[in-house]
Amino acid sequence: MDKEIYNQLKSIVGDKYVLADEPMRNHTTFQVGGKADYYVMPHTMEEIKNLILFFKKSELPFCVIGNGSNLLVSDLGYHGAILHILENLNTIQVNGNLIQVQAGALLSAIAEAAYDAGLKNFEFASGIPGTIGGAAVMNAGAYGGEMKQVLKSVTVIDREGNVFELSKDELKLGYRTSIIATNDYVVLEVCIELEPGDPEEIKKLLDDYTERRAEKQPLEFPSAGSTFKRPEGYFAGKLIMDAGLRGFSIGGAQVSEKHCGFVINKGDATAADIIKLIHHVQEQVEKQFGVKLETEVKMLGEF
């Protein structure tokens with residue numbers, strides 16, 4: 001730890017909101033990962049801007065995380081700063097058919113707010129265990145729905161500290177990607193546009209998706225959700241199952257027996273176990289079917 005950097009970070013966000021040598025296993029849904037040099041928890045967009053300008057000036061690498069739900073951090077940790085946008089930047093405001101939310105708001109909380117306001121079309125996102133910021137970056141989706149169907153605009157900040165708004169058309173939303181991802185922007189706020197709906201019908205959909213997730217996904221184990229992107233013309237889980245890899249393990253990491261598209265932590269996995277298993281699955285699927293599986297999970301640190 002560099003004492004000067006540590007003190008500068010504290011001067012920006014306050015003493016209680018900077019941690020040094022913070023274990024990342026405490027902040028990811030995989031529950032693995034070594035220590036981050038600095039773990040910073042800003043409260044305002046102004047603090048985020050000041051942090052980004054400081055990172056640029058000091059040439060300190062940084063990574064933004066929300067709920068840590070689509071992230072695999074190396075056992076060696078992360079040499080730089082983790083910018084954590086969740087607890088302190090998660091307000092949700094409903095204005096007619098529009099919902100204005102800060103980047104750290106959980107998708108489940110937004111779905112609940114939409115239901116309370118009698119607004120439909122966000123039900124698909126209710127069980128995705130991430131934040132709206134991360135969902136906008138990767139155009140997250142489930143059960144036939146995607147963020148591109150509901151996003152109206154996104155306010156971002158670039159690595160130079162410039163804040164600007166991107167309209168839906170400017171976001172260049174594709175399968176698990178966007179201009180936010182390709183240009184390495186940081187999401188600050190998101191505006192969602194929904195439609196009035198029947199509260200009973202909305203509730204039925206929410207309950208249906210909850211039941212289907214519980215039935216088909218290994219929610220009882222730590223994971224990062226769907227490990228692989230959907231290959232064009234195929235389903236990753238079926239390819240993995242057909243390759244004979246259901247339940248296959250390396251160390252504490254296992255291909256879920258419940259849903260082969262999930263790699264799970266059985267309780268004592270390391271990031272090394274997980275990445276070895278991912279590579280084994282990719283090799284076997286390509287060898288047997290000629291299909292290259294790309295990871296949906298983001299890797300952070302040295303592997």
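Begin by selecting helix H8, where Ala 271, Asp 273, Ile 274, Ile 275, Leu 277, Ile 278, Val 281, Gln 282, Gln 284 and Val 285 are buried. Keep in mind throughout the tour that this is a predicted model. H8 covers residues 271-289, and its 19 residues reach 27 Å from the first C-alpha to the last, which is close to the 27 Å expected at 1.5 Å a residue. Which elements cover the buried residues of H8? Show strand S4, helix H7 (236-242) and the strands S15 (249-250), S16 (253-255), S17 (263-265) and S18 (298-300), since the cover of those buried residues includes these elements. Then move to the residue that follows H8, which is Gly 290, and there you will find a positive phi, near 70 degrees.

Next, select Asn 70, which sits in the loop between strand S3 (62-65) and strand S4 (71-73). If you display the surroundings of Asn 70 and set aside residues up to four places away in sequence, you will see that Asn 70 touches Met 138, Ala 224, Glu 296, Val 297 and Lys 298. For Glu 296, show the backbone as well, because its backbone oxygen lies 3.0 Å from a polar atom of the Asn 70 side chain.

The next stop is a cavity. The structure holds one cavity of 30 Å³ or more, and the volume of the largest cavity is about 40 Å³. To outline the largest cavity in the viewer, select Met 45, Ile 48, Ile 85, Leu 89, Gln 102, Ala 103, Val 187 and Leu 188, the residues that line it. The elements that give two or more residues to this lining are helix H2 (45-58) and strand S13 (186-193). How many residues of the lining are nonpolar, polar or charged? The lining of the largest cavity divides into seven nonpolar residues, one polar residue and no charged residue.

From the cavity, go to Gly 104, which is found in the loop between strand S7 (98-102) and helix H3 (107-116). Is Gly 104 buried or exposed? Its relative accessibility is 1%, and therefore Gly 104 counts as buried, the cut-off being under 20%. Leaving aside neighbours within four places in sequence, Gly 104 is in contact with Ile 85, Leu 86, Leu 89, Asn 90 and Thr 131. Two of these names are familiar from the previous stop, as Ile 85 and Leu 89 are among the residues that line the largest cavity. Now add Ala 114 to the selection and compare the C-alpha atoms: Gly 104 and Ala 114 are ten residues apart in sequence and 17 Å apart in space.

Two further loop residues can be viewed as a pair. Most residues other than glycine have a negative phi. Tyr 143, however, has a positive phi near 50 degrees, and this residue lies in the loop between strand S9 (141-142) and strand S10 (145-146). Asp 184 is also not a glycine, and its phi is positive at about 60 degrees; look for Asp 184 in the loop between helix H5 (179-182) and S13. Tyr 143 is partly exposed, with a relative accessible area of 29%, and Asp 184 is partly exposed at 40%.

Finish at Glu 195, which belongs to strand S14 (residues 195-196) and is partly exposed, with a relative accessible area of 42%. Apart from residues up to four places away in sequence, Glu 195 touches Gly 118, Leu 119, Lys 120 and Asn 121. As a last selection, choose Glu 286 together with Glu 195: these residues are 91 places apart along the chain, and their C-alpha atoms are separated by 43 Å.

Notes. Residues numbered from 1 in each chain as written. Predicted model: local features only at pLDDT ≥ 70, side-chain atom pairs only at ≥ 80, totals over all residues. Heavy atoms only, no water. 1 Å grid on protein atoms, 1.4 Å probe; cavity = no way out; pocket = protein on both sides within 12 Å on 5 of 7 lines; lining within 4 Å. Points joined across faces, edges and corners; volume = space filled by probe spheres on them. Helix = DSSP H or I, 4+ residues; strand = E, 2+ residues; numbered from the N terminus. Nonpolar A, V, L, I, M, F, W, Y, C, P; charged D, E, K, R; others polar. Polar contact = N/O pair within 3.5 Å; in protein donor to acceptor, adjacent residues only side chain to side chain. Contact = heavy atoms within 4.5 Å. Expected span 1.5 Å × (residues − 1). Buried < 20%, exposed > 50% of the residue type's maximum accessible area, 1.4 Å probe, protein only.
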